[in-house]
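Me: I should like to examine how each term applied to this structure is justified. Please set every value against its definition before concluding.

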2 protein chains.
Amino acid sequence: MPNATIRDVAREASVSVASVSRALNGATNIRPELRDHIRDVAKRLGYVPHAGARNLSLARSSTIGVVVPDLHGEFFSELLRGMDRQASELGLHLLLMVMHGEADRGVTALHAMRGRVDGLVVMAPQITSDELFAHLPKSMPSVLVNCAPHEGVRPELRVDNVAGAVAVIEHLAAGGCRRIVHVAGPEANIDARERLRGTREACARLGLELRVLQGDFNEDSGTAAIATLHAERAAFDAVFAANDMMAVGALMALKRAGIAVPDQVAVAGFDNIPLTRLISPALTTASIDIAEFGARAVVRLAGLIDGAADDTLEWRAPIVIARESTRQPPKNTTENPIRRGDRE
Amino acid sequence: MPNATIRDVAREASVSVASVSRALNGATNIRPELRDHIRDVAKRLGYVPHAGARNLSLARSSTIGVVVPDLHGEFFSELLRGMDRQASELGLHLLLMVMHGEADRGVTALHAMRGRVDGLVVMAPQITSDELFAHLPKSMPSVLVNCAPHEGVRPELRVDNVAGAVAVIEHLAAGGCRRIVHVAGPEANIDARERLRGTREACARLGLELRVLQGDFNEDSGTAAIATLHAERAAFDAVFAANDMMAVGALMALKRAGIAVPDQVAVAGFDNIPLTRLISPALTTASIDIAEFGARAVVRLAGLIDGAADDTLEWRAPIVIARESTRQPPKNTTENPIRRGDRE
DNA sequence: TTGCTTCATGTAACCGGTTACATCAAGAGC
DNA sequence: GCTCTTGATGTAACCGGTTACATGAAGCAA
């Protein structure tokens, strides 16, 4: 037995569909007794409006699409949590779309969003902007999050990866490190590239030795980096990984190799995922409030959907959360505002 | 300029809407040249079908709703990852619905799913079944995951929490522990209640002393439990928390208090979230493959949507992953199959 | 040529809502 | 009594697709 439709309710209540619609949507131009009667009938029939039909006729789905490259790890889980909290507050639903790294499948999926969502929050650090724009439905409001740079202005949100990396290197230098190893993220990933750039700049400016090893943002590649260095008997006193998971991998490998952290080698990551404060030694990392970041993207998208003009590229500058995995700088060396300890 | 519709394409290509539909959906009863012509025109106009309209007329959305109580922590992130992987494989989209603990808002949201999704995976360990069934749209296929027990059979998936808790207690006992503290989860939560029940049963059977403290599944309540015990100068040699996050909180608190784990007090959790193997000492925990669990729910829901008959209550029995936070049992005491070390 | 089949194409109904506009009754003003 | 206004209610078009059925042309056999 299929679900009741608005016409079933209308027939059962001996009124027109228009009245039913009015009764259930709280229109004022309806007699209160009639409204109550219709509501009773609807409840009795167990009528639940068909959201799809409603969306079609209203040309509005109250749903926003979230495009992310991956769901692995705590970064996305935090981001999603922040977006969900905000969306729920605004009465919006979240349709998840994971690109799984495959650009072509991603394009298909992007198309599938048309008529399903009112707008998109797109986080695609691994795709080129041209590719992205070519397939973003033209009239679809969208907020770009950490996407590659591109022509023109668009509503956009970005982590200042360069500044974050610079701050980490400065923190390491202040703690006395001189020979830095950077475990980079995937080359195609814009976040990874900018963190590398910030690292290069800061090391050059501060006269630090820099060795760059290629990683892929997974824990294993952090472990592998240490193995490589070990095999070469390379000398280094700090490892800065382009994200926390790789830093964790490196940290574990160093511990297994019996190298003292931070006394022999300092370790730092990027992202401040929740587990960084739980491992031992707790990991120093560059932090933005990931959940807030996600929530902000949703707020701006909601504004866009409601027709607000918005062409801002908004930046979030990470701060360094100094924990046990790096040596603390001497008290008064606070050229840059570096936050100590934990936020919670 | 709004997006092109199928009628725009039809007009531009001088054919009927039916032909356009046929051309774009790969129907065979259309002349190849005409099909190609239509596809060219569609591409030129940048036509992207309106999924909402398509769904309405097909009475199928290719979307499944995921109802979860919360998005905090790695358990849900892993579950979601598994579900997404499977859904994407089956060509399904995921619409996220977080209940945020509020039962009434949850009900509204459940209703909002009608006409938006083809089916639901409902994970609602904190809601009573009556409440749930009363508001699950009658004709909506749904797979229940870790829900409270109820009358009748339904497609359902459950972690065998009792068996998992029993296995953990047996493992602790085998390692020589005699005075167990159990940090329980929220009383309204069915998982929490069953883990407590398993703990009670096993302790009674094995003649172990048991102290139960109330927790709420968050890290803090694990910490708080240790503080309580400390204040009372209580004697105990093992802490079994009803989930990993509380176990982590307890572990951290014990470390801060200078109590050796596992030598003075053993610690075990439940869920095997990814970070359990990264902290130090690595946490012993009861494990199911969370991602697989989620994927399985999606597979069964997809079957249900396609009309398959399915009334099975499927169980997943956790195994104990013995790590550094508990003492290992002597070699030949393997009454129950307990897995050593780490998977991966 | 006629009649029948086959196949490509078009027409229009339908999915289940919303809502502009038409209609109609009641009350007000004269 | 008549017109005008006001407000409740109904009718039907519309959102943008899909598809059952109608149509008509081509192919083929007799």
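Me: In which loop of chain A does A:Ser14 lie, and how are the flanking elements defined?
Reply: A:Ser14 is in the loop between α1 (6–13) and α2 (17–24) of chain A. Helices (H or I, at least four residues) and strands (E, at least two) are DSSP runs, numbered from the N terminus. The phi angle of A:Ser14 is near 55 degrees, a positive value in a residue other than glycine. This is a predicted model, in which local features need pLDDT of at least 70 and side-chain atom pairs count only at pLDDT 80 or more, whereas totals for chains, interfaces and linings use all residues. Residues are numbered from 1 along each chain as its sequence is written, chains are lettered from A and ligands numbered from 1 in the order in which they are written, and side-chain values use heavy atoms, with hydrogens and water left out.

Me: Why is the pair A:Arg44 and A:Glu12 called a salt bridge?
Reply: The term requires a side-chain nitrogen of Lys or Arg within 4 Å of a carboxyl oxygen of Asp or Glu. A:Arg44 and A:Glu12 have an N to O distance of 3.5 Å, so the pair qualifies. It links distant parts of the chain, A:Arg44 being in helix α3 (residues 32–45) and A:Glu12 in helix α1 of chain A, 32 residues apart. Over all chains, the structure holds 35 salt bridges.

Me: What is the omega angle of the cis peptide bond from A:Val261 to A:Pro262, and where does A:Pro262 lie?
Reply: Omega is near 5 degrees for that bond. A:Pro262 is found in the loop between α11 and β9 (266–271) of chain A. Another cis peptide bond joins A:Ser280 and A:Pro281, with omega about 0 degrees. A:Pro281 belongs to the loop between β9 and β10 (284–287) of chain A.

Me: What makes chain A and chain B copies related as by a two-fold rotation axis?
Reply: The copies are superposed by least squares on the C-alpha atoms of residues with pLDDT of at least 70 in both. A turn of 180 degrees and a shift of 0.0 Å along the axis lay chain A on chain B with an RMSD of 0.1 Å. The two copies are therefore related as by a two-fold rotation axis. The same surface serves both, since 100% of the contact residues of chain A recur in chain B.

Me: How many residues of chain A are in contact with chain B, and how much area do the two chains bury?
Reply: Contact (heavy atoms within 4.5 Å) joins 46 residues of chain A to 46 residues of chain B. Buried area is the accessible area (1.4 Å probe) that two parts lose on being put together, summed over both. For chain A and chain B this is about 4,300 Å², 56% of it on carbon and sulfur atoms. In chain A, the residues losing the most area to chain B are A:Arg114, A:Arg116 and A:Leu278, together 17% of what that side buries.

Me: Which polar links cross from chain A to chain B?
Reply: The rule finds two salt bridges across this interface. A:Glu219 meets B:Arg277 with the closest N and O atoms 3.0 Å apart, so this pair satisfies the salt-bridge limit. There are also 18 residue pairs in polar contact across the interface, both residues being at pLDDT 80 or more. Such a contact is a pair of N or O atoms within 3.5 Å; within protein, one must be able to donate a hydrogen and the other to accept it, and residues adjacent in sequence count only if both atoms are side-chain atoms. On the side of chain A that touches chain B, α5(A) gives the most, with seven residues.

Me: How are domain 2 and domain 3 of chain A delimited, and how much area do they bury between them?
Reply: The bounds come from an automatic or database domain assignment, which gives domain 2 (63–160 + 290–316) and domain 3 (161–287 + 319–340) in chain A, besides domain 1 (6–49). The C-alpha centres of domain 2 and domain 3 of chain A lie 29 Å apart. The two domains bury about 1,100 Å², 53% of it on carbon and sulfur atoms. In domain 2, A:Glu74, A:Pro125 and A:Asp160 lose the most area to domain 3, together 45% of what that side buries. Between domain 2 and domain 3 of chain A the rule finds zero salt bridges, whereas seven residue pairs are in polar contact.
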